[in-house]
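This report introduces one protein structure to a reader who is new to the subject. Please keep the sequence and the structure in view while reading.

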Amino acid sequence: MNPQATSSHQDDYKLKETHPKLGERWPHGGMRGGVGWISSERATSTYDLVEQMHYLYVRVVKAKDLPTNPVTGSCDPYVEVKLGNYKGKTQRFEKKTNPEWKQVFAFSKEKIQSSVIEVLVKEKEMVGRDDCLGRVIFEMTELPTRVPPDSPLAPQWYRLEDSRGERKVKGEIMLAVWIGTQADEAFPDAWHSDAASVQGEGVFSVRSKVYVSPKLWYFRVNVIEAQDVESQDKSQLPQVFVKAQVGNQILKTKICPTRTTNPFWNEDLIFVAAEPFEEELVLTVENKVSPSKDELAGSVSLKLTIFEKRLDHRPVHSRWFNLQKFGFGLLEGDKRHELKFSTRVHLRACLEGAYHVLDESTMYVSDTRPTSRQLWKQPIGILELGILSAQGLLSMKTKDGRGITDAYCVAKYGQKWVRTRTILESVGPKWNEQYTWEVYDPCTVITLGVFDNCHLGGNEKPAAGKDSRIGKVRIRLSTLETDRIYTQSYPLLVLQPSGLKKMGELQLAFRFTCLSLANIIYLYGHPLLPKMHYLHPFTVSQLDSLRYQAMNIVAVRLGRAEPPLRKEVVEYMLDVDSHMWSMRRSKANFFRIVSLFSGIISIGTWVGEVCHWKNPATSVLVHVLFFILICYPELILPTMFLYMFLIGIWNFRFRQRHPPHMDTKLSWAEAVHPDELDEEFDTFPTSRPQDIVRMRYDRLRSVAGRIQTVVGDIATQGERFQALLSWRDPRATSLFVVFCLCAAVALYMTPFKIVVLVVGLYLLRHPRFRSKMPLPPSNFFRRLPVRADSMI
């Protein structure tokens, strides 16, 4: 491999510092406060982390007294706003002479190539061209400028003139025309000239939106017991279990070990529920007739709103619920559809408000607050994010034989999701949108993803109806300096079956503002999650299952918004597949562990060099320090902490000046084997041919065999320690017991300082007094018996 090419790839994957011109400028070139961007004067602008983009806005409110068609006697009006080659149209009304549109059109000032803007009122014709009822013309140089927080510009009535502008005609239209920026409140819902080709439902999917995740609760159902359970076979007592269902989540208790009409379980079943509570708890008691057949003994449906919301660990009151069962039998006639009393079940159920419902991995969690708002603390800071632009994006699909990309960006922090507008057919989209979040814990992560919009219509090859991934960025807030503006260009890296690929770069500007330093310091001494996670913890398997259910609920609810935040986008942002097996991730995690022990290994190597007198001056200094610590043992702990303090001060010079980003070397994304990548992207269960699956199984067996050997060696060393006093080897245990007695007497009679001094001098002795043979204690330990000889 070419080392220069490898070096260029590494540089291409690194974070880059950028210098955009941030802050608000006056549209005609002047600058607020006489500076190019806002720094200390932060209160003067709410858009100080993006580059200003200027737009021409046209608000079409309504019209009145429009003329009717002399043939049909009615009027079907609509408005066309024309600026150069750009045309925007309102909705067409039928048979209305006084229509109301209330629609805003936005034209990017950078792309304006005309000095006038025309607003034409037209009528739809069945045959031929649409008839122009009148128009209003505005000169670009005469338009007013509006900069928030100014109040909205008041619309005015304008008399229509004919198409030649020679005379006034019947009818008036209410308009407001002004020049503003993306900070204008009309910007998010306006029709944009750069999305003029999008029609129909696709118009909604190009707009920027803010979403809020549904409020999630853990729903705990403690199934205690049931009474009067009847079996259809009266000669045999039932063997019962309970099945509970909330939405798509189904859980079952264990089968009662004894056959009885009054079974007892006392088992907890945990579900995830979202407000508003649309699902019900469906509880069924079933009799296990045979291994393959279950018999319904009774059921009941309960609304979740009837259950108590618990805010601490105190137990809630239990309740009895009567179950119902449908009657059977042809002799019952019309009564066979009636509900009959069957049994009752004893429950203790509640909605847990003191837990935080995890819908993302704890490694990069963005929110740690409990569900109940009553338990929330005050925010400790503000996170401001400016999504500036993307550069060098690859083509994601084709249109008219050419590659295009319709990119938008999604950011997720806490319960708030934001989605920028879609920039059509651009490999260098400029969004320049700014968003703000309240921060309740600094040890959290904000996640950003860039996607290609495949739901605009008119594309030749949409990617199976799913928005394609372009890349992801994570930023940990605890790595940021407070009140500093970071302007970075992040590489967008995607791991594909063909290997690692750079899809482009995402340019961001962000700032973390601290509201209370004392609260931040206070948080560092407290648990990351609410206290209920530690007082009544869930098992690891429960957490994995609940997280999967929570992600599904969030994806479904956000997919019902308008425009929808689609399932593939939510799953990618929440890392839905992070728990799946990957040989690449396994290697990466193994070498992470190795790197952790590298410091200990380095210390051990340095001690070995001191003991072997590789550097006599260092060995002499260590001897002197050792004698001082023996004479003054009270200096040991102060010396250790002072040494760590000095190391920390020394490392301050080499600290990272920017937050960490995706590390391709740490992730083993560049050196991964193609077959390992194919295995990582395989479905579950597998869809690969049998011979490939067999090969991967054999490879997994070989890896597991090495792990098995390491685990066995660890067990061997532990069993040798146990064998010292277990009398499995009577002679070895006898020798060790006698040695312990002699050592106890000698240590009792000898001052402790002398013992430490002798041992230390022995370990630091000169190589001339050392032997290459193993020491007697090591020889004795290796001869101790282990239980490996008892294994089959």
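The report treats the nonpolar cores, the helix contacts, the backbone, the cysteines and two single residues in turn. The model is a predicted one.

**Nonpolar cores**

In soluble globular proteins, nonpolar side chains tend to be buried together. In this model, the largest nonpolar core holds 35 residues. Leu448 and Leu508 have the most contacts inside this core. Strands that give two or more residues to the core include β21 (381-391), β24 (407-413) and β26 (430-439). Also among them are β27 (445-452), β28 (468-476), β29 (485-496) and β30 (499-514). With 5 residues, β30 gives the most to this core.

Apart from this core lies another one, of 32 residues. Its members include Leu216, Val272, Val357 and Val570.

The surroundings of Leu448 can be described residue by residue. Once neighbours within four places in sequence are left aside, Leu448 is in contact with Leu385, Ile387, Cys409, Val410 and Ala411, among others. Its further contacts include Gly471, Lys472, Val473 and Ile475. Leu508 and Met573 are also among the residues in contact with Leu448.

**Contacts between helices**

Which angle do the axes of α6 and α7 form where they cross? Helix α6 (residues 583-611) and helix α7 (residues 616-631) have axes that cross at roughly 95° and come within 8 Å. Therefore α6 is roughly perpendicular to α7. On the α6 side, the contact is made by Trp606, Glu609 and Val610. On the α7 side, it is made by Thr618, Ser619 and Val622. Sorted by class, the contact of α6 with α7 has 3 nonpolar, 2 polar and 1 charged residues.

A further contact joins α10 (690-726) and helix α11 (residues 730-749). The two pack at an angle of about 80°, and their axes are 7 Å apart. An angle from 65 to 115 degrees counts as roughly perpendicular, so α10 is roughly perpendicular to α11. Ala723, Leu724, Leu725 and Ser726 in α10 meet Thr733, Phe736 and Val737 in α11. By class, this contact of α10 with α11 has 5 nonpolar, 2 polar and no charged residues.

**Features of the backbone**

Two cis peptide bonds are described here. One joins Glu562 and Pro563, with omega about 0°. Pro563 belongs to the loop between α4 (540-559) and α5 (567-573). Another cis peptide bond joins Phe684 and Pro685, where omega is again about 0°. Pro685 is placed in the loop between α9 (674-680) and α10.

Positive phi values also occur in residues other than glycine. Lys95 has a phi near 55°, and Glu425 has a phi near 50°. Lys95 lies in the loop between β4 (86-89) and β5 (100-108). The loop that holds Glu425 runs between β25 (416-419) and β26.

**Accessibility of selected residues**

Several residues can be set side by side by their relative accessible area.

| Residue | Relative accessible area | Class |
|---|---|---|
| Lys95 | 66% | exposed |
| Glu425 | 33% | partly exposed |
| Cys256 | 4% | buried |
| Cys742 | 48% | partly exposed |
| Thr90 | 9% | buried |
| Trp668 | 26% | partly exposed |

**Cysteines**

How many disulfides does a search of the whole structure find? The search finds 0 disulfides. Cys742 is in no disulfide, and the nearest cysteine sulfur, that of Cys740, is 9.4 Å away. A disulfide requires two cysteine sulfur atoms within 2.5 Å.

**Two residues in loops**

Is Thr90 buried or exposed? Thr90 counts as buried, because its relative accessibility is 9%. Thr90 is found in the loop between β4 and β5. Not counting neighbours within four places in sequence, Thr90 is in contact with Val60, Tyr78, Val79, Trp101, Gln103 and Phe105. Thr90 and Ile707 are 617 residues apart along the chain, and their C-alpha atoms are separated by 67 Å.

Trp668 lies in the loop between α8 (636-652) and α9. Its relative accessible area is 26%, so Trp668 is partly exposed. Leaving out residues up to four places away in sequence, Trp668 touches Arg584, Lys587, Ala588 and Phe591. From C-alpha to C-alpha, Trp668 and Arg557 are 35 Å apart in space, with their positions 111 residues apart in sequence.

How values were computed
Residues are numbered from 1 along each chain as its sequence is written. This is a predicted model: local features need pLDDT of at least 70, side-chain atom pairs count only at pLDDT 80 or more; totals for chains, interfaces and linings use all residues. Side-chain values use heavy atoms; hydrogens and water are left out. A nonpolar core is a set of buried Ala, Val, Leu, Ile, Met, Phe, Trp, Tyr and Cys residues joined through side-chain atoms within 4.5 Å. Buried means under 20% relative accessible area, exposed over 50%, partly exposed in between (1.4 Å probe, protein chains only). Helices (H or I, at least four residues) and strands (E, at least two) are DSSP runs, numbered from the N terminus. Contact means heavy atoms within 4.5 Å. Axes are lines fitted to C-alpha atoms, for helices over the stretch in contact, and angles run from 0 to 180 degrees between N-to-C directions. Angles under 35 degrees count as roughly parallel, over 145 as roughly antiparallel, 65 to 115 as roughly perpendicular and the rest as oblique. Ala, Val, Leu, Ile, Met, Phe, Trp, Tyr, Cys and Pro count as nonpolar, Asp, Glu, Lys and Arg as charged, and the others, Gly among them, as polar.
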